[in-house]
Amino acid sequence: IAVAQKLLICGLSLLFHMTITKTLPVEYNIDDNFRATASWPVRFFYLYVSLMAARPKYYFAWTLADAINNAAGFGFRGYDKNGVTRWDLISNLRIQQIEMFLDNWNIQTALWLKRVCYERATFSPTIQTFILSAIWHGVYPGYYLTFLTGVLMTLAARALRNNIRHYFVESPAVKLCYDIITWMATQVAISYTVVPFVLLSVKPSFTFYSSCYFCLHIASIVVLLVFPLKRTQKGSKKHESIQPVWSKKLEEENLLQKNSYCTTNNSFSQKQEITCRYQALKQ
């Protein structure tokens with residue numbers, strides 16, 4: 001059933017790509033006539049719609065790979081509370097949640113980047129992870145423009161969230177307005193960021209950004225200059241781990257003493273248990 005459902009999604013994605021995607025090309029964002037005549041709201045709306053229309057080819061590829069894995073027996077997660085089987089352990093996207101969270105896109109690659117780079121980086125883990133992601137994707141310049149822009153967007157969004165979000169969470173109505181506005185801003189920022197990813201080349205990518213006057217790049221830099229970035233928990237843990245050598249040696253000695261004490265107690269208990277069993281068998 002899971003394989004059949006995913007093959008159906010593949011068919012719909014392919015049909016959407018062959019019809020709607022071609023009528024809303026991303027390249028139209030850099031068309032001279034469109035840039036000269038369309039207003040800013042129309043341009044940003046078309047930017048969002050055209051990039052949303054470009055996604056089905058990724059839906060098709062990832063869902064087809066997921067279906068093949070499921071057919072081979074891979075990806076079984078277990079059963080949900082209703083007893084229905086779940087075959088999404090190695091899925092690479094959740095189409096229903098794509099518009100809400102970026103974590104639902106290219107899931108396995110994101111987890112890999114988190115484990116091998118972000119959690120192991122000694123400095124600037126966000127920057128290092130984005131650069132590694134660009135290298136992993138390939139050699140097209142558009143990938144590097146997208147991920148370097150993504151660094152700015154991510155750091156600016158983090159700074160804004162850390163500094164202003166707590167003012168809008170007390171009232172449910174105010175929080176709802178805040179969520180709607182930030183969702184819209186996120187969609188615009190993501191669309192703005194990934195245009196070079198689709199265009200791939202340097203010249204059309206710079207044509208698009210220059211037509212927007214690099215507005216979100218400048219806005220992100222201003223945000224980072226105005227709002228301070230809070231130290232991450234990782235950085236605080238690293239700071240706490242810096243201690244004198246003699247203190248570390250004392251801790252190691254205490255740990256060794258505790259381990260030897262526990263080992264002695266365990267061996268004594270095992271000997272007692274063996275003696276009792278021997279006496280019981282003898283009787």
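A nonpolar core, as used here, is a set of buried Ala, Val, Leu, Ile, Met, Phe, Trp, Tyr and Cys residues joined through side-chain atoms within 4.5 Å; buried means under 20% relative accessible area, with a 1.4 Å probe and protein chains only. The model is predicted, so local features need pLDDT of at least 70 and side-chain atom pairs count only at pLDDT 80 or more, while totals for chains, interfaces and linings use all residues. Residues are numbered from 1 along each chain as its sequence is written, and side-chain values use heavy atoms, leaving out hydrogens and water.

**Exercise 1. Find the hub residues of the largest nonpolar core, and work out where the core sits.**

Step 1: Start with the members. The core has 13 residues, and those touching the most other members are Val-26, Leu-47, Leu-51, Tyr-192, Val-195, Leu-199 and Phe-208.

Step 2: Sort by element. Two or more residues come from each of α3, α8 and α9 (helices are DSSP runs of H or I, at least four residues, numbered from the N terminus). The top contributor is α8, with 4 residues.

Step 3: Now place the core. Domain 1 (1–105) and domain 2 (138–230) both supply residues, so the core lies between them; the bounds come from an automatic or database domain assignment.

Step 4: Zoom in on Val-26. Skipping neighbours within four places in sequence, Val-26 is in contact (heavy atoms within 4.5 Å) with Ser-50, Leu-51, Ala-54, Val-198 and Leu-199.

**Exercise 2. Work out how the buried residues of α9 are arranged, and what they pack against.**

Step 1: List them. In α9 (residues 202–211), Ser-205, Phe-208, Tyr-209 and Ser-211 are buried.

Step 2: Look down the axis. These residues fall within an arc of 165°, so they line one face of the helix; the arc is that of the directions from the helix axis to the C-beta atoms.

Step 3: Check the partners. The buried residues of α9 pack against α2 (32–37), α3 (40–53), α7 (141–164), α8 (172–199) and α10 (215–226).

Step 4: Peek past the end. Just after α9, Tyr-213 has a positive phi of about 60°.

**Exercise 3. Do the same for α4, beginning with its span.**

Step 1: Helix α4 (residues 56–71) has 16 residues and spans 22 Å between its first and last C-alpha, close to the expected 22 Å, which is 1.5 Å times one less than the number of residues.

Step 2: Its buried residues are Pro-56, Tyr-59, Trp-62, Thr-63, Asp-66, Ala-67 and Asn-70. They cover an arc of only 140°, which puts them on the same side of α4.

Step 3: That buried set packs against α1 (2–23) and α3.

Terms used
Buried < 20%, exposed > 50% of the residue type's maximum accessible area, 1.4 Å probe, protein only.
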